[in-house]
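Subject: Structure handover

Hi,

Here is the structure for your next round of work. Please load it before you read on.

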Protein chains: 2
Amino acid sequence: MDDLTEMLKGTLEGCVLEIIGREETYGYVITRQLNELGFADVIEGTVYTILLRLERNGLVQVTKRPSGMGPPRKFYSLNDAGRAELGKFWAKWEYLSSRIDKLKEGGR
Amino acid sequence: MDDLTEMLKGTLEGCVLEIIGREETYGYVITRQLNELGFADVIEGTVYTILLRLERNGLVQVTKRPSGMGPPRKFYSLNDAGRAELGKFWAKWEYLSSRIDKLKEGGR
DNA sequence: AGTGGTACTCGGTGATACGGAGTACTGAGA
DNA sequence: TCTCAGTACTCCGTATCACCGAGTACCACT
């Protein structure tokens, strides 16, 4: 698939929120999950910048735990603000994708 | 609706391509059409930057015609490269939106 | 003469995904 | 023992994009 980076802007962060919302997890695993989900070219550096942003914006709770298999991990989970943001993200996505699909089907 | 600008990145240009692909048209009208299609906050300046980019990238053919109702209009139509780009855009959109919808439905 | 609608250009801003280099810890194989 | 691969995170810089504001210009109507 062609380069998706521009199209991912604004949506990738929402995807990360969704993944975190399911269960407490950490950056390395999130990257792997995104890759498996079809976001094949998303790289670790990108995910970590998103995670730092989420933390800075107060949308997640962070817990550092030793790993046993490498350096310690930073586990992320959503707080109330994060869940609210996730809801807003899906509302925006639904709105946008419905308009674009309508345009695609010939709506004018 | 909340601010969609980040989510529009990468998709708005494709929407403009789609509109141009239907019939030769110009910036002012494209803006109005986008607004009616639900992209309510898209402003003229944004559309014009996209049109200049399309022109610079050689995806459109441009014809200037006097207006009778204001300054002359720059009419845009797709050339072969533009049609190819439009096809790629829809392929990317379908790919991306299917992945995200799957994620939304609980896929993992 | 002035106002409002039409129509385009240009320079700058902020947000985002990406890329690369660097750090650091663990365990397995040469 | 030494190296290498895998795990895990940070930081700094880049490119691209949508947006915004100011400016220019043309026309019609009052």
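Below is what was found, from the symmetry to the DNA contacts.

Some ground rules. This is a predicted model: local features need pLDDT of at least 70, side-chain atom pairs count only at pLDDT 80 or more, and totals for chains, interfaces and linings use all residues. Residues are numbered from 1 along each chain as its sequence is written, chains are lettered from A and ligands numbered from 1 in the order in which they are written, and side-chain values use heavy atoms, with hydrogens and water left out.

Symmetry

Chain B superposes on chain A after a rotation of 180 degrees, with 0.0 Å of shift along the axis and an RMSD of 0.1 Å. The two copies are thus related as by a two-fold rotation axis. The fit is by least squares on the C-alpha atoms of residues with pLDDT of at least 70 in both copies. Within chain B, the C-alpha of B:Lys9 comes closest to the axis, at 3.1 Å.

Protein interface

Each chain puts 35 residues into the contact (heavy atoms within 4.5 Å). Of the interface residues of chain B, 100% are also interface residues in chain A, so the copies meet through the same surface. Together the chains bury about 3,800 Å², 70% of it on carbon and sulfur atoms (accessible area lost on being put together, 1.4 Å probe, summed over both parts). B:Met7, B:Trp93 and B:Leu103 supply 20% of the area that chain B buries here, more than any other three residues.

The rule finds four salt bridges across the interface (a side-chain nitrogen of Lys or Arg within 4 Å of a carboxyl oxygen of Asp or Glu). A:Lys104 and B:Glu94 form a salt bridge at 2.6 Å, N to O. On the chain B side, helix 5 gives the largest share, 15 residues (helices are DSSP runs of H or I, at least four residues, numbered from the N terminus).

DNA strand D

How many residues surround DNA strand D? There are 27, and A:Lys9, A:Tyr28, A:Arg73, A:Lys74 and B:Arg53 are the closest (near means a heavy atom within 4 Å). Sugar and phosphate make up 79% of the strand D atoms that come within 4 Å of the protein.

Phosphate oxygens of strand D lie 2.2 Å from a side-chain N or O atom of A:Arg73, 2.6 Å from a polar backbone atom of A:Lys74 and 2.8 Å from a polar side-chain atom of A:Tyr48. Helix 4 of chain B gives the most to this surface, with four residues.

Best wishes

Terms used:
Polar contact = N/O pair within 3.5 Å; in protein donor to acceptor, adjacent residues only side chain to side chain. Helix = DSSP H or I, 4+ residues; strand = E, 2+ residues; numbered from the N terminus. Buried area = accessible area lost by both parts, 1.4 Å probe.
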